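I opened this entry to record what I looked up on helix packing and aromatic rings. The notes follow in the order I took them.

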Number of protein chains: 8
Amino acid sequence: MKEAFSQLIDQISSGQMTKEEALEAFEDMSFSKLEYATIDHHREQRVGYPEVIYCQHKTLDQVVGIFETLADRGKNVLATRATEEMAKAILERFPEAHYNPLGRTVVLDQEHKVETEDYIAIVAAGTSDLPVVEEAYETAKIFGNQVLKIVDVGVAGIHRLFNRLEEIRGAKVIIVVAGMEGALASVLGGLVDKPIIAVPTSVGYGASFGGVSALLTMLNSCASGVVVVNIDNGFGAAYSASQMNQLK
Amino acid sequence: MKEAFSQLIDQISSGQMTKEEALEAFEDMSFSKLEYATIDHHREQRVGYPEVIYCQHKTLDQVVGIFETLADRGKNVLATRATEEMAKAILERFPEAHYNPLGRTVVLDQEHKVETEDYIAIVAAGTSDLPVVEEAYETAKIFGNQVLKIVDVGVAGIHRLFNRLEEIRGAKVIIVVAGMEGALASVLGGLVDKPIIAVPTSVGYGASFGGVSALLTMLNSCASGVVVVNIDNGFGAAYSASQMNQLK
Amino acid sequence: MKEAFSQLIDQISSGQMTKEEALEAFEDMSFSKLEYATIDHHREQRVGYPEVIYCQHKTLDQVVGIFETLADRGKNVLATRATEEMAKAILERFPEAHYNPLGRTVVLDQEHKVETEDYIAIVAAGTSDLPVVEEAYETAKIFGNQVLKIVDVGVAGIHRLFNRLEEIRGAKVIIVVAGMEGALASVLGGLVDKPIIAVPTSVGYGASFGGVSALLTMLNSCASGVVVVNIDNGFGAAYSASQMNQLK
Amino acid sequence: MKEAFSQLIDQISSGQMTKEEALEAFEDMSFSKLEYATIDHHREQRVGYPEVIYCQHKTLDQVVGIFETLADRGKNVLATRATEEMAKAILERFPEAHYNPLGRTVVLDQEHKVETEDYIAIVAAGTSDLPVVEEAYETAKIFGNQVLKIVDVGVAGIHRLFNRLEEIRGAKVIIVVAGMEGALASVLGGLVDKPIIAVPTSVGYGASFGGVSALLTMLNSCASGVVVVNIDNGFGAAYSASQMNQLK
Amino acid sequence: MKEAFSQLIDQISSGQMTKEEALEAFEDMSFSKLEYATIDHHREQRVGYPEVIYCQHKTLDQVVGIFETLADRGKNVLATRATEEMAKAILERFPEAHYNPLGRTVVLDQEHKVETEDYIAIVAAGTSDLPVVEEAYETAKIFGNQVLKIVDVGVAGIHRLFNRLEEIRGAKVIIVVAGMEGALASVLGGLVDKPIIAVPTSVGYGASFGGVSALLTMLNSCASGVVVVNIDNGFGAAYSASQMNQLK
Amino acid sequence: MKEAFSQLIDQISSGQMTKEEALEAFEDMSFSKLEYATIDHHREQRVGYPEVIYCQHKTLDQVVGIFETLADRGKNVLATRATEEMAKAILERFPEAHYNPLGRTVVLDQEHKVETEDYIAIVAAGTSDLPVVEEAYETAKIFGNQVLKIVDVGVAGIHRLFNRLEEIRGAKVIIVVAGMEGALASVLGGLVDKPIIAVPTSVGYGASFGGVSALLTMLNSCASGVVVVNIDNGFGAAYSASQMNQLK
Amino acid sequence: MKEAFSQLIDQISSGQMTKEEALEAFEDMSFSKLEYATIDHHREQRVGYPEVIYCQHKTLDQVVGIFETLADRGKNVLATRATEEMAKAILERFPEAHYNPLGRTVVLDQEHKVETEDYIAIVAAGTSDLPVVEEAYETAKIFGNQVLKIVDVGVAGIHRLFNRLEEIRGAKVIIVVAGMEGALASVLGGLVDKPIIAVPTSVGYGASFGGVSALLTMLNSCASGVVVVNIDNGFGAAYSASQMNQLK
Amino acid sequence: MKEAFSQLIDQISSGQMTKEEALEAFEDMSFSKLEYATIDHHREQRVGYPEVIYCQHKTLDQVVGIFETLADRGKNVLATRATEEMAKAILERFPEAHYNPLGRTVVLDQEHKVETEDYIAIVAAGTSDLPVVEEAYETAKIFGNQVLKIVDVGVAGIHRLFNRLEEIRGAKVIIVVAGMEGALASVLGGLVDKPIIAVPTSVGYGASFGGVSALLTMLNSCASGVVVVNIDNGFGAAYSASQMNQLK
């Protein structure tokens, strides 16, 4: 922001702009004004990624409207937690968009980024964790990352994990997805030397308390190198993993 | 109880006793009457083990008094959660008693039971879990079990566990003691075919919530064959393990 | 695993296998590769029981697919938390399978194990606890155990319990199923000398918090000899009970 | 209050008082004005009992000051949660007062009420619950009730309870004091036909959560006829029990 | 129980019965054996009230079956938490039964008890608390009590409460029903000298946590004389209130 | 109330009224008596605002009945948490009423208050918070306040907030509406010198625990000047904001 | 900030300053740089009040150092949660400072603001709540407000409250301080038409959970017009009350 | 592990070793055997870092013993949560070790790693968060990272943060340390494009619940790119940050 202001000051100093013009220009270029949302186009520049549409708690019209506004700028667009009805509405307008029903995501790839050489491994404890895996996968892909999925290697049958260990160790960043007791993150933390992003899932019943059990497990990991995101937050894990995977 | 009543009925029927005498006799033989505690001598007969003194929340005088009453019957006595002061007071009266300061236990072995051939394995994640390990160990020993302790084999360095796996698999019952995220129970659950009793410990900080994190992990174990006792309840785990180890 | 590696080493040493063949063979014999699940056939050998399908959080297709893969190996198969629709789909394919709608289980008995002489007693506080009782019952049966069900003997009418006490005491292991305040486990803990596995149920309302009340009661049992599993986890209780019942 | 106002209206109507005098008189007779507390002398008239001093969170000077003000009116005074230091300070001023160190109470009996013929039974699970038992006992006594204490009859040895059942059934109201899992209230609820006031205590550790376990147990009692007060609230239980015991 | 045993002993002693006959007779007269429930007819004798059917978590068939068994003994029957479908099924069989849809109760009055002269006041904070009020009302009535309902006198408009204070003070026992912050119980506790049974309700949203807020308020009442039952437990409050109202 | 009583006393003293008449008159003028609700017309006089209908937990008939009773007095009426069906029923009877489906409110403006010159700013973090914003907006408007809505200025794109800062600072009172982590309140607290009323919303998932996360954030604001209301309580925030906005 | 930048731009445009000088000047005038704290002198301008020192979690040296830095600017200084040792150290350096040991505050009045004509009423339920009352009192005073304290008017003796109602109603803003069940806020909410800021206190035991009970009560107040701050946050309540009391 | 086994196989195949020798050699080179801890020297190879001593819950002797064993291998050693007494004991033995009393760390730098060119920024909200900052700082340094500390830039004075934004943006990884409401992580998440590791601290009181408030805030961050570690876990944050900072 400082830099932008700085340039404006220069333009004022040089007489290229009046102060009023400069301030107006600044606002114009920063925000699209929809009735119900202030879309933040500067965001990509500021934090490196376009805004993503979190569909839950939004109406169909809001979702489609925001999607269109974002798409019209020629950028990649990602909608998460999309209902089937929302996905359908978006695909009618953008037939080239891709809907992943398990992951509840819609992506519109308009930039065709070159995929990274380093890859993110998404390692999941059980079949029931797949919706979160898919959300993370779609997110990481649209952000330009090579991704490897390894599913159903929970600690109850730990040699399944060992069989895939070389592949996991080959990744630059590892996302671990697990519900119930979520022990997979701790076990992997002791076996690899790459950052692990742990995603607790709401898979379980009774004293799993909707994912709290796995969340606490991951926060209390006796192995170091494990950081955690919110329950079922496949998107957030992939967002951070993408940042790490693209560190130079 | 039914049986005891039955015998009394027989004695009444046969005229050996009046009904009043029988009822009185029954009460007399069942209870010692201290001022502050109703000691239950029938317990061993009923559930197989003598009453144990849980010292926390009790005064020094109460603990010593109950210990003496139990000792006077010639049976083994076990006091748990004993402070150093309590231990000292007991040892003054019973110099042959044994105090384990780490486990906070005092045992008086008067019966010299023959140790079982089958053994209980107590497997602990870290050095910090030792107080609970020792409580479990002393309990299992005084109940006549052979016991094997395997400490500091937490999942953060999982090959330490694999190195001891044969010994663990050789046990008839396994007690797993772990704090923090408590993942050790789940991992072992997938590696052995014996009953596992998991004891969460209060080792940890922050979101471990005094052992709740480990407790939830163990209750939600994705591996089957894991049953759980209260946080830091080394005694309870060993009590149940002893029952199982002596099943025929 | 150590043993398996050991044999492979021998085969290599003796020239029966190349190192590469050995490694490949090892992987082949261990895992069936479905698209969405890594089925663990070694499990039975390793922990003594076949893998069980926990249907909740899985799709119909996933459940049926896993069931078929497991069934094709000629082993007993157990599906828990099966919806009516899942059960129907399984029974169409395996008409000899048995569906218990109250317990939400489907079992396919292909091994016809000889039932144990020792029996497991499943003791439940109330009629409302029956779904958990049935899940435990079906599990224990398919694992080859003789089982005795005793229902509706909650502590509110404690003589109902005493009337059945001899039968309960005859068991080798006891599963106690109770919701609301879950006091039945504590009471029985003081009356028997066999291991008790307590299953809190989500029966209740208000401050029962979906079974938390009963769970805490059972974890804090003043009577020793009580171990606990997750809320509504009839399967887990029976799994552990089966291990204990078959201890020699 | 309505009645009091009514009388004042009458006195005004009849010219015995001016309106101003009446209002002032009313305020004067109702409140003593200490600097730090508005003592409520009308309370006994309004709800049937004198105000009691809850000492916790109060300073020594505040406690002694309030005690004196109450004592000076010639009524019985009860201080609960008194520290030894507070008790000492009160006894210096009122040597006839009685201090119960276990129950942390100080009572000053100035009215010498005739004890009720009906009695309140205070039934406690364990020796560790005695502080709460004593608080309840002292409260019930100073309120003029005959009281019977029955301690250490927890459900882990249930025949101890049955041995005392006739005495318990003879009471008009029953207070049940229990920590850990608190099952005693449910069991008694099924055995007696008198109101039971259950007091959870903070006795326990780990997942007893400072008495929450026992509290939930009592709130979820499967037996009817059980009402509950706050954790460790021996005073409150006795207050309500006294009201019930003196119902006609 | 002791008494019953005592009589049997007498009959044996006198030769009126063999020991075997006595034991059998005892069991026969105590329990009806349905497939899914052990109905406890001795209960009324033991605790003073017939068993009540808590319909939640039970199937339609179970509810109707238990209702019939109880009704056939000529006693009053009460079903709580009955769905409309359950009520309909019961009324088809017992047209003289009475269904209260707001209170979700079905009562069958076969004993026509004489109503008590003393009355129970049910005082509720708001219109939204009516379902719990009605459950309490129906319960208290079928147990033979005179009952007075006073609704919508919450503390937000406290003079509404004062307007009804004389009526409330006239009761022998008071049930207070309140959700949200549940302050009504504390306020009334300071205004009356009769036992107050407080029922927190699940009325509210957000940080009311399904009634926890009101529950905690009531347990922590600064006014004495308030005892508490489970959230929404109108039945339990009325059961205890009935016991108190009929104390002599 | 004191004042009202005072006037009555005067009327009695002066002989204008008998005591009985006065008491009756007092009751008559204070309460409308519906079967299911005691409507409190004195409330506006006492606290400055008419009673509002909180529709949740009420039946359609109750809502419409209360609405009519309030409307018949010629005052403004506000119904919150109205379902579409309730709104429809009210609008049939009062076509001039206004239904806001997003805010779930129905207002009937019969008083046409002059709007304040000072305004309340309602500042919301995201589009998903709109239902709470609308509830607050409708409430503040019907209470006669000028209101400015500023939506979707959450801290994830903080310059959106800075762009609107002058408008926010121009308000006399600020309502901040935010879900998820609710950081907006803290940030604004450090930027303005006006009272901030923070409303946590239930927007979020996983560890947002239905709004608890935002609630705790707001209660723990490191910036001063932030007060908090219940989760999703747009009405309550606007009620208090209106009181503040109309302070002189 | 915008304004400040705007002036700088003007100065640059007019050639009064180089761009570099302007940026530097801006930083210099905004921040004092201590080693351990970035003191924010602009704060008063921005939000209307000087920064306050929250002493808890800080070392003695840090507290004294910050106090001196703030005092040296000639402004009023307020330190909250000060230990006796901290207070002593500050008073040695600033003998004219005032220490309130009950409220744990130290104030240094260097500005001698004229007190407001409107007053804030601080109304507290019990003597035990005094520490929070005093913290609020000292805060409100140093911010220039007239304050009225009314203590020990809890709802258990509600006429004590009514006796002081006129004084309370005379305030412009009301702070309600209450622990245990915290009902005082709801009751007052129904009796006054001024903003109420409720402060839950940690006074209580057992299920008061360190103030959570009172906090929930206040958040769920059935009376409107109640906003809430953190447990024991007397400072925060007074800060907001001061803002409101000084609204014009 | 696979690789190590592979080499052993080769050595056996080539006759360089007997199978027995190989297995023994493997165990010998992997573990040092202290009485109370199994030290894992392979760990650095496996996950890239030496084991660290978490001193809490350990005795003085255990800490010193483990420290010596690790130091004797010539590697860097880090002890966290060290008491002053522990630090003293270590420094007596290793005078060249460095003790940070605020951060409660002892480090022994024996490897003198070359510092990274990229740096980790540790950004903290307040002075009270310094202990966690220092723990993170010492950890990151001993792991060879360049580190920049920026303290007391909490959101209550947000321009303090903006003043340091360029420095923060220059980092490769950012650690955010904040207690109370923890909003700093969300705000920074919207301003930078580097991975943010958020550490909630236990700074706060009342409803901060020992850091839970900040933890939930960080897990629910509306800004993406924020991952979280346990409350007060400065070590864990620095460990993961070091992994990320050294990614290539």
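**Aromatic pairs**

I counted ring pairs first and got 36 aromatic pairs over all chains. The model is a predicted one.

I then looked up Tyr54(A) and Tyr205(F), which form a tilted pair, 5.8 Å centre to centre with 40° between the planes. This pair crosses between chains: Tyr54(A) sits in strand β3 (residues 53–54) of chain A, and Tyr205(F) in the loop between β10 (196–200) and α10 (212–219) of chain F. Tyr54(A) has a relative accessible area of 16%, under the 20% cut-off, so I noted it as buried. Tyr205(F) is buried too, with a relative accessible area of 14%.

Next I took Tyr205(A) and Tyr54(C). Their ring centres are 5.8 Å apart and their planes at 40°, so this pair is tilted. Tyr205(A) lies in the loop between β10 (196–200) and α10 (212–219) of chain A and Tyr54(C) in strand β3 (residues 53–54) of chain C, so the pair joins two chains. I entered Tyr205(A) as buried at 14% relative accessibility, and Tyr54(C) as buried at 16%.

In chain A, I also found a cluster in which ring pairs link Phe143(A), Phe235(A) and Tyr239(A).

**Helix α10 of chains C and D**

I checked how α10(C) (residues 212–219) packs with α10(D) (residues 212–219): the angle is about 125° and the axes are 9 Å apart. That angle makes α10(C) oblique to α10(D). The crossing of α10(C) past α10(D) is left-handed.

For the contact I listed Val212(C), Ser213(C), Leu216(C) and Thr217(C) on α10(C), and Val212(D), Ser213(D), Leu216(D) and Thr217(D) on α10(D). Sorted by class, this contact has four nonpolar residues, four polar and no charged ones.

Definitions and conventions:
Residues are numbered from 1 along each chain as its sequence is written. Chains are lettered from A and ligands numbered from 1 in the order in which they are written. This is a predicted model: local features need pLDDT of at least 70, side-chain atom pairs count only at pLDDT 80 or more; totals for chains, interfaces and linings use all residues. Side-chain values use heavy atoms; hydrogens and water are left out. Axes are lines fitted to C-alpha atoms, for helices over the stretch in contact, and angles run from 0 to 180 degrees between N-to-C directions. Helices (H or I, at least four residues) and strands (E, at least two) are DSSP runs, numbered from the N terminus. Angles under 35 degrees count as roughly parallel, over 145 as roughly antiparallel, 65 to 115 as roughly perpendicular and the rest as oblique. A crossing is left-handed if the near helix is turned anticlockwise from the far one by less than a right angle, and right-handed if clockwise. Contact means heavy atoms within 4.5 Å. Ala, Val, Leu, Ile, Met, Phe, Trp, Tyr, Cys and Pro count as nonpolar, Asp, Glu, Lys and Arg as charged, and the others, Gly among them, as polar. Rings of Phe, Tyr and Trp (its six-membered ring) pair if their centres lie within 6.5 Å; planes under 30 degrees apart count as stacked, over 60 as edge-to-face and the rest as tilted. Buried means under 20% relative accessible area, exposed over 50%, partly exposed in between (1.4 Å probe, protein chains only).
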